[in-house]
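Thanks for asking me to look this one over. Here are my notes, set out point by point so that you can follow along in the viewer.

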Amino acid sequence: MIYLETDRLILRDLCDGDFDAYFKLKTDDKTMYYLQDIKLHSIDDARAEFKDVLADMEKDDRKFYFLHMELKNTHEQVGSIGYTVIDDTPVGKIVHLGYFTYPKFWGNGYVTEAVHKVLEYAFTQNNVYRVTTGCLAENRGSEKVMQKNGFIKEAEHLDYEWHDGKMKTRVEYRLLKKEWNGYIAG
């Protein structure tokens, strides 16, 4: 079981008792505004997905490393953060990072803090070689989190994604283990 702590947060694997929090988070319209493709719309879908997530955690070739994010002092749920394994190569795993939090926590540095800790875990304990992530260009807060954690912009795709009734631009970032080592050392 993954259990990580930062100054203000606990990041941990989900457990059976987390279903209600999982359902509430993944169905929240404001939280999931930029993540319509993974937003849940029914309790039945949520139950099935939650069951799959818990089952994946038990596998030797685990694919999903998304963690419950909560405040250390009150245990209030902040959101979710983690990554999906895209490939497992001879030099290490290639993963795609994501995060989403309740709007009341935006702008407080929680996600920046959590990403830092997740990257540390990924690169030092989970044989991750490359992390990719991205967001719609209008989501400046999310892009700043990437930049604050040393991610390097690789692409800007104009009119790339249909979202909220119009085409929008998407930015893509990466961080290799050697770049992270240099960022941490520097």
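The points below go from the overall fold to the sheet, the cores, the salt bridges and one loop residue.

1. **What kind of model this is.** Please keep in mind that you are looking at a predicted model. The protein chain has 5 helices and 8 strands. Followed along the sequence, these elements come in the pattern β-β-α-α-β-β-β-α-β-α-β-β-α.

2. **Overall dimensions.** For 186 residues, a compact globule is expected to have a radius of gyration near 16 Å, and the protein chain agrees with that because its own value is 16 Å. Along the principal axes, the C-alpha atoms fill a box of roughly 40 × 40 × 35 Å. Buried residues account for 48% of the 186 in the chain. Of the contacts with a separation of 6 or more, 60% are between residues 24 or more positions apart.

3. **The sheet.** The 8 strands make an open sheet with mixed pairing, and their order across it is 1-2-3-4-5-6-8-7. Strand 1 (3–5) and strand 7 (152–163) sit at the edges; each has a single partner strand, so one side of each has no neighbour in the sheet. From one strand to the next, the twist averages 25°.

4. **A pairing to look at.** If you would like to inspect one pair of strands, try strand 2 and strand 3, which run antiparallel and pair over 4 bridges. Within this pair, I10 is opposite E70 of strand 3.

5. **Helix 3 on the sheet.** Helix 3 packs on the sheet and touches strands 1, 2, 3, 4, 5, 6 and 8. The direction of helix 3 makes about 30° with that of strand 4.

6. **The largest nonpolar core.** Which residues touch the most other members of this core? They are L11, V115 and F151, out of 40 residues in the core. Elements that give two or more residues include strand 2 (9–12), strand 3 (64–71), strand 4 (77–89), strand 5 (92–101), helix 3 (110–125) and strand 6 (128–136). Helix 4 (140–148) and strand 8 (166–176) are also among them. Helix 3 gives the most, with 9 residues.

7. **V115 and a separate core.** Setting aside residues up to four places away in sequence, V115 touches I81, L97, Y99, V145, N149 and F151. Apart from the largest core lies another, made of 9 residues, including L14, F19, L40 and L54.

8. **A salt bridge between distant parts of the chain.** The whole structure contains 18 salt bridges. In one of them, the side chains of R62 and D13 meet at 2.6 Å, N to O. These two residues are 49 apart in the sequence: R62 is in the loop between helix 2 (43–57) and strand 3, and D13 is in the loop between strand 2 and helix 1 (19–27). Both R62 and D13 are buried.

9. **A salt bridge within helix 4.** The side chains of E143 and R140 form a salt bridge at 3.7 Å, N to O. Both residues belong to helix 4 and are 3 residues apart, about one turn of the helix. Are the two partners buried or exposed? E143 counts as buried because its relative accessibility is 8%, under the 20% limit. R140 has a relative accessible area of 52%, which is over 50%, so R140 is exposed.

10. **A salt-bridge network.** R174 and E179 form a salt bridge whose closest N and O atoms are 2.6 Å apart. Both R174 and E179 are buried. Through shared partners, salt bridges join R130, E154, R174 and E179 into one network.

11. **A137, a loop residue.** Where is A137 found? A137 lies in the loop between strand 6 and helix 4. With a relative accessible area of 14%, under the 20% limit, A137 is buried. Leaving out neighbours within four places in sequence, A137 is in contact with E143, T169, R170 and V171. The C-alpha atoms of A137 and M1 are 34 Å apart, and the two residues are separated by 136 residues along the chain.

Methods. Residues are numbered from 1 along each chain as its sequence is written. This is a predicted model: local features need pLDDT of at least 70, side-chain atom pairs count only at pLDDT 80 or more; totals for chains, interfaces and linings use all residues. Side-chain values use heavy atoms; hydrogens and water are left out. A nonpolar core is a set of buried Ala, Val, Leu, Ile, Met, Phe, Trp, Tyr and Cys residues joined through side-chain atoms within 4.5 Å. Buried means under 20% relative accessible area, exposed over 50%, partly exposed in between (1.4 Å probe, protein chains only). Contact means heavy atoms within 4.5 Å. A salt bridge is a side-chain nitrogen of Lys or Arg within 4 Å of a carboxyl oxygen of Asp or Glu. Two strands pair if DSSP finds at least two bridges between them. Axes are lines fitted to C-alpha atoms, for helices over the stretch in contact, and angles run from 0 to 180 degrees between N-to-C directions. The radius of gyration is taken over C-alpha atoms; the globule rule is 2.2 Å times the number of residues to the power 0.38.
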